Amino acid sequence: MRVVAVEEHMATEAFLRVAHGLDVAPSDQAEMNGMRTMESDPAFRARLTDLASRLREMDALGQDMAVLSLNPPGVQAYPAADAVPLTREFNDALAAIVRRHPGRFGGLATVTPQAPEAAATEIERAMGTLGLNGIMINSHTGGHYLDEPRFAPLLAAAEASGAPVYLHPRVPSMLDAYRPYGLLGAIWGYQAEAGLHAMRLILSGTLDRHPGLTVVLGHLGEGIPYWLRRIDNRHAFAAATAGAATPMPRLSLTPSEYFRRNFVLTTSGIDDPDVLGLALRAVGEDRVMFAVDYPYEDPKAAVDFLRNTPLTDDQRTAIAHRTAERVFTLTG
């Protein structure tokens, strides 16, 4: 069985040397301090930068391909004047890596939502000249979300270029309630943040304006599949009942219809057959892809889950590689 993993983070030494010297907005300081601490640890840093070792690990596991993306939160915490050239340099390096390892690595470009016009230009370059397979955006940028009008050029470029947008979590934009007890990160804050961002795209009418946009959500949908029936029910109630909600745009579809049309899910970090079954029923077997969430999760555990969890042969094939090949235009 061919195995393609699609949320696989990396960095280059050149990127880290520059990025670690850049100023960070005060609101992003805590997140970036934590990430820079991890990226400075020799063992963790090697997991990000040593792609030869990663290929050996993939071979040992029987994993054929990894779709690489810059370690989160990418460049979104940096001033645009620094982030735009750094983004181009990183994407050039990522494209060179993909070219050196055909069939083993794909790549998701990094972009700068803090400079939407530059991001649009870079999406066109990434999907054209560089031959990359999509883009990754690490949720909010300075507390701003992709449904806001300022980001229309970015979304238009992604839609026109056929660039899937991997909407990756990061520390929430609303920090205070998440600060205690480790809630800022992957224990709870990440999925709450990414799920909020996805719901903003759905309920804002953004997907009426960009019906051809493909959004990829990790962690089997950041909790949204569990809530889809209630979301539809309460959205219909709020639309019909004065005072039941703050003002909402009129939508062409139900929320769950946008979710099934525009979103594709990955398994990253959720090696749970019950949750996978729910996700498959929510969006269909052709809209779920395998991911490890490297280097944050155990690749062996993830691959063993893919191979051993109860699935039909067709479901396993779709999750393992067929859907990723379609969504990201991958070739073996």
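Q: Where does S139 sit in this predicted model?
A: S139 is in the loop between β5 and α7 (152-161).

Q: Why is S139 called buried?
A: Its relative accessible area is 1%, and buried means under 20%. S139 therefore counts as buried.

Q: What makes the phi of S139 worth a look?
A: Phi is about 50° there, so positive, although S139 is not a glycine. Most residues other than glycine have a negative phi. H219, in helix α10, is another such case, with phi near 55° in a residue other than glycine.

Q: How do you know that S139 and H197 make a polar contact?
A: Their side chains come to 3.1 Å, and the cut-off for the N or O pair is within 3.5 Å. That distance therefore falls inside the limit. H197 itself belongs to helix α8 (residues 189-203).

Q: Why is H197 called buried, and which residues does H197 contact?
A: The relative accessible area of H197 is 0%, and the limit is under 20%, so the label fits. Leaving aside neighbours within four places in sequence, H197 is in contact with S139, H140, Y145, L146 and L167.

Q: Why is A126 called buried or exposed?
A: Buried, because A126 has 0% relative accessibility against a limit of under 20%. This alanine is in helix α6 (residues 116-127) and touches A109, G131 and L132, not counting residues up to four places away in sequence.

Q: What makes β5 and β6 a pair of strands?
A: Three bridges join β5 (residues 135-137) to β6 (residues 165-167), and at least two are needed. They therefore pair, in the parallel sense. I135 has V165 as its bridge partner in β6.

Q: How do you know that β8 pairs with β7 and with β9?
A: Count the bridges: β7 (residues 215-217) and β8 have three, while β8 and β9 (residues 288-289) have two. The minimum is two, so each of these counts is enough. Both pairings are parallel. L265 is a handy marker in β8: L217 stands opposite L265, and so does V288 in β9. From β8 the chain crosses through helix α13 (residues 273-283) to β9, a β-α-β crossover that is right-handed.

Q: What makes β4 and β9 edge strands?
A: Each pairs on one side only. The open sheet has six strands in the order β4-β5-β6-β7-β8-β9, with parallel pairing.

Q: Why are both faces of β8 called covered?
A: F263 and L265 on one side are buried, and so are V264 and T266 on the other. The split into two sides follows a simple rule: in a regular strand the side chains alternate between the two faces of the sheet.

Q: What makes the P72 to P73 bond stand out?
A: Omega is about 0°, so this is a cis peptide bond, whereas most peptide bonds are trans. P73 lies in the loop between β2 (65-70) and α5 (80-100). Y294 and P295 are also joined by a cis bond, with omega of about 0°, and P295 lies in the loop between β9 and α14 (299-308).

Q: Which residues lie nearest the centre of the largest pocket, and which element gives the largest share of its lining?
A: W188, Y190, Q191, A192 and E222 lie nearest the centre, out of 34 lining residues. Helix α8 gives the largest share, six residues. The volume is about 930 Å³.

Notes
Residues are numbered from 1 along each chain as its sequence is written. This is a predicted model: local features need pLDDT of at least 70, side-chain atom pairs count only at pLDDT 80 or more; totals for chains, interfaces and linings use all residues. Side-chain values use heavy atoms; hydrogens and water are left out. Helices (H or I, at least four residues) and strands (E, at least two) are DSSP runs, numbered from the N terminus. Buried means under 20% relative accessible area, exposed over 50%, partly exposed in between (1.4 Å probe, protein chains only). A polar contact is a pair of N or O atoms within 3.5 Å; within protein, one must be able to donate a hydrogen and the other to accept it, and residues adjacent in sequence count only if both atoms are side-chain atoms. Contact means heavy atoms within 4.5 Å. A crossover is right-handed if, with the strands pointing away from the viewer, the path from the first strand over the helix to the second runs clockwise. On a 1 Å grid over the protein atoms alone, a cavity is a set of points where a 1.4 Å probe fits but cannot get out, and a pocket is an open set with protein on both sides within 12 Å along at least five of seven lines; lining residues have an atom within 4 Å of a point. Grid points are joined across faces, edges and corners, and a volume is the space filled by probe spheres set on the points.
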